[in-house]
Amino acid sequence: MPEQLIFGMEVFLNGLMAGVLYALVALGFVLIFKASGIFNYAQGVMALFAALTLVGIMEGQVPFSHLINAVFGTEVHHFGWHVPALAAIFLTMVVMILMAWIVNKLIFRHLVNQEPIILFMATIGLAYFLEGFGDMMWGSDIKKLDVGLPQGINGWIDEKTFNIFDYGFFIDNLDIVATVVAALLVVALVIFAQYSKQGRAMRAVADDHQAALSVGISLSFIWVMVWSLAGFVALVAGIVWGTKSGVQFSLSLIALKALPVLMLGGFTSIPGAIVGGLIIGVGEKVFEFAIGAPYLGGATEIWFAYVLALVFLVFRPQGLFGEKIIERV
Amino acid sequence: MFYREAGDFKTTYTEDSQTFPIKFDRYRYYAVLLFAFAVVPFIINDYWVNAVFLPFLIYAIAAIGLNILVGYCGQVSLGTGGFMAVGAYAVYKLMTTFPEVSIFLHVILAGGITAGVGVLFGLPSLRIKGFYLAVATLAAQFFLVWLFNRVPWFYNYSASGQISAPERTVFGVPVTGAETAPWAAYLFCLVFLTASAFIARNLTRGMAGRKWMAIRDMDIAAEIIGVNPLKAKLSAFAVSSFFVGISGALFFAIYLGAVEVGEAFGINKSFLVLFMVIIGGLGSIFGSFAGAAFLVLLPVLLKNTLVGGLGWPTDLAAHLEFIIVGAMIIIFLIAEPHGLAQLWRVAKEKLRLWPFPH
């Protein structure tokens, strides 16, 4: 087999793995959009915030220590204990649920019946707020996150592919874990939405707010639940991304990458988020490998996803799996 | 009291449809113009120009541009940073290629070039709407910044990859480069801002503006009553990008002097200008001014009180700025979705009746 093709296959596989991570973030978007019609720009920052909180709790950091030190002239930084990963994840989840409740109570209750674009802007404001809040609470330095996920090259794949092609593929263990986690998450979400009582209620709300209200579904409960779910997805995404590249500001930028994923897949479809994520992940890696790096000077990954989504939308404005857009005067 | 239209009789249609129908408003407008042109240049110093006035003037132009697109035509764009970069690089290439031509023309031409690029990226708006369009304009943002980073022709093959403005003069007075006097830079930007606001105001209340607003309110209905969506949307993109391009050119040539594209025209710039438009008020020229002033002054104020007054570290002040800007946006959207401009309008209504509201 020619070398280029083997390299291409490796790039393809790595693209698939990257795509899974995009899909993880995109999932959170779809959940909230389906249930409340809010396009939650803050999803990426929520992932950042969740990861920051997780690290902070695990390391036993004092929240707002920077602020406290600046105001009172003290020198507190750590409580001096370490919390085990599982307990910290649980505590972070509690924080995310609390956040979901506050967000709904303080923001979106007051914005019911506003235009979608106003809601979108509000989530941008929320993203800014959370970004500043997270940094103020836990400090803005780059943190290492280690909850015990395996990392490094997968020896088994390396060995197997070396036997077949005389060239070992480099696949990160973490990516494999992420893929498994994403798959489990999707299955769990689908089962939850299809078969549980709350899941049914959620789909009813997504279908028609007023009709759902009239059969006795509590809108505010469903919304808090959906935001908590999105917080959970954000936490998972934050753990995976944070383990991969450290917990830092750029984590919130993956939210921007999730947007073209959503556009490709359609805003309302959970399978769409997965397929869109895979297409974008593979597309940008392969494009960079085949055209970007040799001919265009590299770093095409920055814009490829957006241009791909743009070109795609011109031909199919509702995305791959989106519901057909019907407009009436 | 004095703020009312009583006794101010209009006898012609021109008088009746002027921008400032109330005498007090009109005189105040002239007074502000006079103050800005004839008084401020004599009293400002370097700090005020660089920290407050130049950013305000330049962002106000960008906000006017974006307001035409988002507020008047309803096409949400997140590509403002990219279009500002087009203006900056266009003016740089023009300045270095045709050094003998006045920089005045260069800035206007840079606006024209940006308008062309804007139309190109506006083409998808004919098929895509709402969020989808907002995300599609991100393609413009990332692609353009990447382009200016990667193609050496744009930065004249300079080793650092930066562009820096050579010295250019207007009537013998340098307006770019290190020798620029604060008042010269200020006046140069002020001229552009005044012209932009004048043009924008008159475009938006004429035929073009009405077509844009019809498209904004409902594009299918607008099409049925005879507005050509192709022309209306693309003209909004062109006019908007023209102003944004001018502001980008000024931002580079007058304000910063040297620019690294990813840093100066990144995605954050797009959001910043969008916030100005939202906080100021969608669909209002005055709102663009108010929003720009607000978001330029807020960080300066926070920095002065927190870092200068309380002695906090700068990074803490920066975090607090994020929190406050975010909270402000949410509060504005909840309390007054129409922004500062609406508050101003309400205040004026109240003032007209004051002190006898019944």
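These legends go with a set of close-up views of a predicted two-chain model.

**Figure 1. Two of the annotated transmembrane stretches of chain A.** The unreviewed UniProt entry puts transmembrane regions in chain A at residues 12-33, 45-64, 84-104, 116-134, 176-195, 216-241, 261-283 and 295-315. Take residues 84-104 of chain A: this span comes out as 95% helix and 0% strand, and its end C-alpha atoms sit 30 Å apart. Residues 45-64 of chain A are 75% helix and 0% strand, with 18 Å between the end C-alpha atoms.

**Figure 2. Phe29(A) and Phe39(A), a tilted ring pair.** Across all chains, the whole structure holds 37 aromatic pairs. In the one shown here, the ring centres of Phe29(A) and Phe39(A) are 5.5 Å apart and the planes meet at 35°, so the pair counts as tilted. Phe29(A) belongs to helix α1 (residues 3-36) of chain A, while Phe39(A) is in the loop between α1 and α2 (43-59), 10 residues apart. Phe29(A) has 1% relative accessibility, so it counts as buried. Phe39(A) is buried too, at 2% relative accessibility.

**Figure 3. Tyr92(B) and Phe252(B), an edge-to-face pair in chain B.** Here the centres of Tyr92(B) and Phe252(B) are 6.0 Å apart, with 85° between the ring planes. Tyr92(B) comes from helix α4 (residues 80-97) of chain B and Phe252(B) from helix α10 (residues 229-256) of chain B, so the pair ties together parts that are 160 residues apart in sequence. Both rings are tucked away: Tyr92(B) is buried at 7% relative accessibility, and Phe252(B) is buried at 0%.

**Figure 4. An aromatic cluster with members from chain A and chain B.** Chain A brings Phe29(A), Phe33(A), Phe39(A), Tyr41(A), Phe120(A) and Tyr128(A) to this cluster. From chain B come Phe271(B), Phe275(B) and Phe322(B). You'll recognise Phe29(A) and Phe39(A) as the tilted pair of Figure 2.

**Figure 5. A lysine over a tryptophan ring in chain B.** Lys93(B) lies over the face of Trp153(B), 4.1 Å from the centre of the ring.

**Figure 6. Where chain A meets chain B.** The contact draws on 53 residues of chain A and 42 residues of chain B. Together the two chains bury about 4500 Å², and 81% of that is on carbon and sulfur atoms. If you go looking for salt bridges between chain A and chain B, the count is 0.

Methods
Residues are numbered from 1 along each chain as its sequence is written. Chains are lettered from A and ligands numbered from 1 in the order in which they are written. This is a predicted model: local features need pLDDT of at least 70, side-chain atom pairs count only at pLDDT 80 or more; totals for chains, interfaces and linings use all residues. Side-chain values use heavy atoms; hydrogens and water are left out. UniProt positions are given in the numbering used here, feature names are shortened, and annotations may be inferred rather than shown by experiment. Helices (H or I, at least four residues) and strands (E, at least two) are DSSP runs, numbered from the N terminus. Rings of Phe, Tyr and Trp (its six-membered ring) pair if their centres lie within 6.5 Å; planes under 30 degrees apart count as stacked, over 60 as edge-to-face and the rest as tilted. Buried means under 20% relative accessible area, exposed over 50%, partly exposed in between (1.4 Å probe, protein chains only). A charge sits over a ring if NZ of Lys or CZ of Arg is within 6 Å of the ring centre and within 35 degrees of the ring normal. Contact means heavy atoms within 4.5 Å. Buried area is the accessible area (1.4 Å probe) that two parts lose on being put together, summed over both. A salt bridge is a side-chain nitrogen of Lys or Arg within 4 Å of a carboxyl oxygen of Asp or Glu.
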